[in-house]
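Here are a few exercises to work through with the structure open beside you. Try each task before reading its solution.

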Amino acid sequence: MVNMRKRYGIVINGRRTGYLQSWRVLGLALTVGLAGCTAGPDFQRPQAPEVTRYTTTSIDTRTRGAVTTVAGEQQFITGMQVDERWWRSLKSPTLDRLIEEALSFSPSLMSAKATLRQAKEIYSAHAGSTLYPQVDAGLSVQRQRMNPNIPGLDGDAMKFSLYDASVGVRYSLDLAGSNRRTLEALAARVDYHRYEFQAAQLVLAGNIATAAITRARLAEQIESMGVILQNLEEQVYLARERLRYGQAAPDEVSAKKILAEQKRAELPTLRKQMQQTEHLIAVLAGRAPGEHGLPEFKLADFALPAELPLLIPSELVRHRPDIRASEALLHEANANYGAAIAKLYPQINLNANLGSQAMTTASLFSSGSSVWNLVGQLTQPLFNRGLPAEKRAAQAAFDAATANYQSVVLESFRNVADVLRAVENDAQALAAMDAANNAACDSLRSVEQQYRFGSASYVQLLIARQQAQQTQLARVAAQAQRLTNSVALYQVIGAG
């Protein structure tokens with residue numbers, strides 16, 4: 001307990017000190033007290049959202065399934081632990097190897113890692129220059145000519161050399177916590193880049209998995225389209241033969257040819273999409289697009305995860321790296337606001353120098369050549385219209401970071417809601433498409449049997465084959481979509 005008295009000094013723990021000594025003790029007490037203060041509000045993590053679900057209506061915990069490895073039932077499990085290498089749930093060793101390669105050699109990840117390392121070093125540099133005293137050593141020599149007539153003395157001009165060796169110590173007492181707030185902001189910036197790096201890893205793995213599934217879908221669609229086109233060309237040939245024998249009209253040949261050419265025009269588009277997807281996979285893996293050795297994927301190489309993880313909204317905001325990155329920016333803005341406030345308070349800078357001066361090098365370090373000085377400087381901003389503006393700017397930056405955090409959280413909720421609805425509806429669509437495919441296969445088998453017994457023409461058989469291939473084409477797309485939805489769900493919950 002420190003109690004001040006006007007004349008008789010200060011009473012500390014019941015003992016009275018002398019007047020001069022009391023001011024020294026007061027200065028020390030103020031220094032220690034202020035050194036423990038930090039201007040500005042301490043950062044408080046945003047509260048978890050009160051919402052308990054992502055959609056207006058409940059989501060079925062189990063989806064509909066079909067009979068293939070990429071069309072089975074899926075179940076949502078809240079709070080399910082997710083493997084760090086979540087892509088392994090797709091059961092494709094080829095995809096596993098490709099993603100592991102990309103995580104090691106992707107230039108985008110290398111850039112994010114280097115940026116994180118830079119942020120750490122910037123923090124270390126600022127901490128080293130503010131938390132500890134700065135010590136410098138100096139050695140100088142100067143040649144001087146002194147004219148005694150200038151100060152009004154008699155005598156001849158003197159020429160001499162002056163040698164100086166010294167050690168200087170500088171330290172700024174962080175009374176209001178400006179340095180501590182700045183370090184806090186830099187530490188938050190490190191956290192931001194760390195979460196950005198994690199987000200880049202998640203996005204990279206998700207993009208490669210999605211591209212691999214897309215490549216598998218396009219390859220099977222190109223194969224089915226080739227069969228359909230071959231079927232249509234055969235129908236055109238038969239229509240021309242029937243026209244030659246007078247059993248068909250020219251319009252029938254034209255209609256068949258139009259349909260065949262329309263399908264032929266779709267093939268280059270599919271090939272272009274597959275080639276561009278292969279180029280994307282190569283670049284994501286850190287390779288040149290023209291490099292050989294990229295793996296090929298088929299839908300049969302993948303398995304649909306039977307269990308899908310799901311996080312409630314309050315857990316999602318603590319898990320997704322982009323939300324955590326936005327929270328780190330909010331923390332940084334809060335610390336910068338405190339640093340701006342701290343600039344309005346007094347600052348104390350201490351400087352001390354200990355050295356030796358002599359006119360010859362031999363006597364530089366002799367007993368009578370030592371010199372020293374100690375400087376303490378207290379500065380208090382009195383009129384600086386820039387400092388209040390800087391404080392208001394920091395407050396505005398904090399408000400912007402708050403709004404940005406809210407926007408990121410809402411967008412993440414929308415992402416999860418969209419994917420949940422996609423998983424639900426695309427499962428139903430695939431089940432319906434699977435039923436249509438089974439019906440088309442049954443119809444084809446029936447027409448083939450009729451053709452063998454002569455009750456169906458060859459043209460009817462070709463049309464049945466075309467319908468079966470057409471439904472298979474749509475079924476392939478639906479299967480790939482379900483796999484893509486699973487990948488998207490891992491991404492939106494911040495898996496890994």
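**Exercise 1. Two helices side by side**

How are H4 and H9 oriented to each other, roughly parallel or roughly antiparallel?

*Solution.* Keep in mind that this is a predicted model. Start with the geometry: H4 (residues 178–244) packs against helix H9 (residues 458–492) at an angle of about 175 degrees. Their axes lie 9 Å apart. Next, apply the cut-off: angles over 145 degrees count as roughly antiparallel. H4 and H9 are therefore roughly antiparallel to each other. To finish, sort the contact by residue class: H4 with H9 brings in 20 nonpolar, 13 polar and four charged residues.

**Exercise 2. A second partner for H4**

Describe the packing of H4 with H7, including the handedness of the crossing.

*Solution.* First, take the angle and the distance: H4 and H7 pack at about 165 degrees, and their axes are 8 Å apart. That makes H4 roughly antiparallel to H7. Then look at the handedness: the crossing of H4 past H7 is left-handed. Lastly, the contact of H4 with H7 comprises 13 nonpolar, six polar and seven charged residues.

**Exercise 3. The length and setting of H7**

Check the span of H7 against the value expected for a helix, then decide how far the rest of the structure encloses H7.

*Solution.* Helix H7 covers residues 321–342, which is 22 residues. At 1.5 Å a residue, H7 should span 32 Å. The C-alpha atoms at its ends are 31 Å apart, which agrees with that expectation. Now turn to burial, where the cut-off is under 20% relative accessible area. In H7, 18 of the 22 residues are buried, so the helix is largely enclosed by the rest of the structure.

**Exercise 4. Reading a sheet**

In what order do the strands of the four-stranded open sheet run, and which are the edge strands?

*Solution.* The order is E5-E6-E8-E9, with antiparallel pairing. Strand E5 (134–146) and strand E9 (370–379) are the edges, each pairing on one side only. From one strand to the next, the twist averages 20 degrees. Now zoom in on one pair: eleven bridges join strand E6 (residues 158–173) to strand E8 (residues 347–358). As a point to locate, Ala 165 stands opposite Ser 356 in E8.

**Exercise 5. A residue with positive phi**

Where is Lys 91 found, and is Lys 91 buried or exposed?

*Solution.* Lys 91 sits in the loop between strand E4 (75–78) and helix H2 (93–105). Its phi is near 60 degrees, a positive value in a residue other than glycine. For exposure, the cut-off is over 50%. Lys 91 has 57% relative accessibility and therefore counts as exposed.

Terms used: Residues numbered from 1 in each chain as written. Predicted model: local features only at pLDDT ≥ 70, side-chain atom pairs only at ≥ 80, totals over all residues. Heavy atoms only, no water. Pairing = 2+ DSSP bridges. Axes fitted to C-alpha atoms, helices over the stretch in contact; angles between N-to-C directions. Expected span 1.5 Å × (residues − 1). Buried < 20%, exposed > 50% of the residue type's maximum accessible area, 1.4 Å probe, protein only. Parallel < 35°, antiparallel > 145°, perpendicular 65-115°, else oblique. Left-handed = near helix turned anticlockwise from the far one by under 90°. Nonpolar A, V, L, I, M, F, W, Y, C, P; charged D, E, K, R; others polar.
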